[in-house]
Amino acid sequence: MDCNQVLVSKVKKVIVVFTLLIAFLSIKIDTFAQADSAVVPVDSVVAESAEAVSGQHGAVEHGKEKFEPTKVIMEHIADSHMWHLWGHTSLPLPVILYTNGGLEVFSSANFHHGEHDYVGKYNTYRLEEDHVKVVGADGKIDEDASVLDFSITKNVAAMFVAIVVILIVFISVAGAYKKRVGKSPKGLQSFIEPIIIFVRDDIAKPNIGHKYAKFMPYLLTTFFFILFNNIFGLIPIFPGGANVTGNIALTFVMALGTMIIVNINGNKYYWKHIFKPDVPFWLYPIMIPVELIGIISKPFALMIRLFANITAGHIIVLSLISLIFIFETLAIAPVSVAFVLFMDVLELLVAFLQAFIFTLLTALFIGMAVEEHH
Amino acid sequence: MDLVTPSIGLVFWTSLAFICLLILLRKFAWKPILGAIHEREQSIDEALNKAELAKQEMARLTSQNQDLMQQARAERDEILKEAKTLKDGILNEAKKQAQVEGAKLIEKAKIEIENQKKAALAEVKDQVSTLSLEIAERVLRTQLDDKTKQEALVANLLKDVELN
């Protein structure tokens, strides 16, 4: 399979980049640790410029506070109830909770960045590490309280933005097709059409065969949904900046969709292959569980692959940016920016590649499920 | 662990949003786009096929034209040849006829000449006989007058006759 090679080379590349990064870090930290005292006078300048340049909040905001890259990076990778815009400005997002008492909806601005508790209709809530927790009568967090968090978080909001953009783009393109019947594509249409034809002729047709038409809407939607969210994730400022496709929940849903589509459309040969494989009967106790695990493991791999690739990209970019704050010097900034630029270009490739791989493997699994054996 | 634990909220919203997106795009985007692309591809295929057919038709017509041209040329040659033979025939005929006509004319002229000659001879004979009669008359008359003179006359007459 071609994509295996792509995956292997991709993984190798990421390993190489990581290794370089670690080597780079370990060398530089030593040198800068020795020169620490000399660096101190520029401290305040760095803090100011750092805020101006990237708007990263966290430790740098308070000047002398210790900068913890892991915390900052994890904060950026993870979901949030606020959408950070710039400096100290954040967009509060609605919190929707399903509690024992019922549905509770309020703005996340009520938490004042986690500094205040919010007294709701049924419970008192506290924002701890960007998770909404119920506060018990004793003023401590009640871990037993069952609260389902259906909030419109940063990722949900970013996903909605991407969906709106996708809808606008594709409905306008579809309009162009209706308006210019039988004519050559033009503008956005001519940019989108090759991708659609690529998905049809190079992903769907070779893998699924003549029944491909039925699965085209799912494959195209998957492809462009992942692609747009990947690209939006690369934009560092609002309305991008959320790690949507690098969130396990989203990749879980996408993989679940693939699993459902594959198994609903599986024909008798597909099920025969699982429950009555062409092996001696005494191997059945091994083969059937293996095949059943295969049903789960294929979409599971899809889920992990997309999640890990996108998250890894974000972590690398953020690590490189964090270098400036770790060393507390502007001198490292050109190096960081150069590396970030390189990584962003690589991530742009990865954005396309992961959308392609996800769609390709989905088509492959569908093809395996609907294949006719004569 | 937080990173790899799917949160229920995001799972819910993603599922909802993705299904909505799928339904909306399927109805408003993929159907018209794929339909239009398919139609366009078909029309292009059709146009190409038609062009191919037209090309074949063209080639067929060209070869047909060539055949016709060749045929026409051969026919023209045939006609020319025929015309030439005809012309030659006519010429020969005319020549022959002219010869015959000429021969006839000559024959006629000959006959005429012969006739004239005969007539002239007959006239001459007439005159000769008339003259002979006159001579005889005169001789007879002179004989009656003088013998010598008669002889001289006869001699004279004879001389005349010989001249004739």
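This is a dialogue on reading a predicted model with chains A and B.

Reader: Where should I begin with chain B, and how many helices and strands are there in chain B?

Author: Begin with the secondary structure. Chain B has 2 helices and 0 strands.

Reader: What do the overall dimensions of chain B say?

Author: The general idea is to set the radius of gyration beside the value for a compact globule with as many residues. For 164 residues that value would be near 15 Å, but chain B has 64 Å. The box gives a second view: along the principal axes, the C-alpha atoms of chain B fill roughly 200 × 25 × 15 Å. Burial can be read next to these figures, and 7% of the 164 residues of chain B count as buried.

Reader: Which stretch of chain B does UniProt give as "coiled-coil region", and what does the model show there?

Author: An annotation is a record, and the model can be read beside it. The unreviewed UniProt entry puts the "coiled-coil region" at residues 37-123 of chain B. In the model, that stretch is 100% helix and 0% strand. Its end C-alpha atoms are 125 Å apart.

Reader: Where is the "transmembrane region" placed?

Author: The unreviewed UniProt entry places the "transmembrane region" at residues 6-25 of chain B. Over these residues the model has 90% helix and 0% strand, with 26 Å between the end C-alpha atoms.

Reader: How many helices and strands does chain A have, and what percentage of chain A is buried?

Author: Chain A has 11 helices and 8 strands. Of its 374 residues, 35% are buried. Sequence separation of contacts is another thing to read. Taking contacts in chain A between residues at least 6 apart in sequence, 60% join residues at least 24 apart.

Reader: Which domains are assigned in chain A?

Author: The assignment gives domain 1 (1-65), domain 2 (94-151) and domain 3 (155-370). A distance between centres helps to place domains relative to each other. For domain 2 and domain 3 of chain A, the centres over C-alpha atoms are separated by 34 Å.

Reader: How do I read a sheet, for example the one with the order β5-β6-β7 in chain A?

Author: Read the strand order, then the pairing sense, then the edges. This one is an open sheet of 3 strands in chain A, with antiparallel pairing. The edge strands are β5 (118-119) and β7 (131-135) of chain A; each has a single partner strand, so one side of each has no neighbour in the sheet. Strand β6 (residues 124-128) of chain A pairs with β7(A) over 5 bridges, in the antiparallel sense. As a single example of register, A:Arg126 has A:Lys133 in β7(A) as its bridge partner.

Reader: What is there to note about phi of A:Glu328?

Author: Most residues other than glycine have a negative phi. A:Glu328 has a positive phi, near 50°. The residue sits in the loop between α10 (284-327) and α11 (333-370) of chain A.

Reader: Why does A:Glu328 count as partly exposed?

Author: A:Glu328 counts as partly exposed because it has 19 C-beta neighbours inside 10 Å, and a residue is buried at 20 or more.

Reader: Last, how many residues of each chain take part in the contact?

Author: Count the residues on each side, then ask which elements supply them. Chain A contributes 39 residues and chain B 32 residues. On the side of chain A that touches chain B, the elements that each supply at least two residues are β8 (148-149), α5 (154-179), α6 (188-208), α7 (216-234) and α8 (248-265). The most comes from α5(A), with 13 residues. By residue class, this side of chain A has 28 nonpolar, 7 polar and 4 charged residues.

Definitions and conventions:
Residues are numbered from 1 along each chain as its sequence is written. Chains are lettered from A and ligands numbered from 1 in the order in which they are written. This is a predicted model: local features need pLDDT of at least 70, side-chain atom pairs count only at pLDDT 80 or more; totals for chains, interfaces and linings use all residues. UniProt positions are given in the numbering used here, feature names are shortened, and annotations may be inferred rather than shown by experiment. Helices (H or I, at least four residues) and strands (E, at least two) are DSSP runs, numbered from the N terminus. Domain bounds come from an automatic or database domain assignment. A residue is buried if 20 or more other C-beta atoms lie within 10 Å of its own, exposed if 12 or fewer, and partly exposed in between; C-beta atoms are placed from the backbone. Two residues are in contact if their C-beta atoms, placed from the backbone, lie within 7 Å. Ala, Val, Leu, Ile, Met, Phe, Trp, Tyr, Cys and Pro count as nonpolar, Asp, Glu, Lys and Arg as charged, and the others, Gly among them, as polar. The radius of gyration is taken over C-alpha atoms; the globule rule is 2.2 Å times the number of residues to the power 0.38. Two strands pair if DSSP finds at least two bridges between them.
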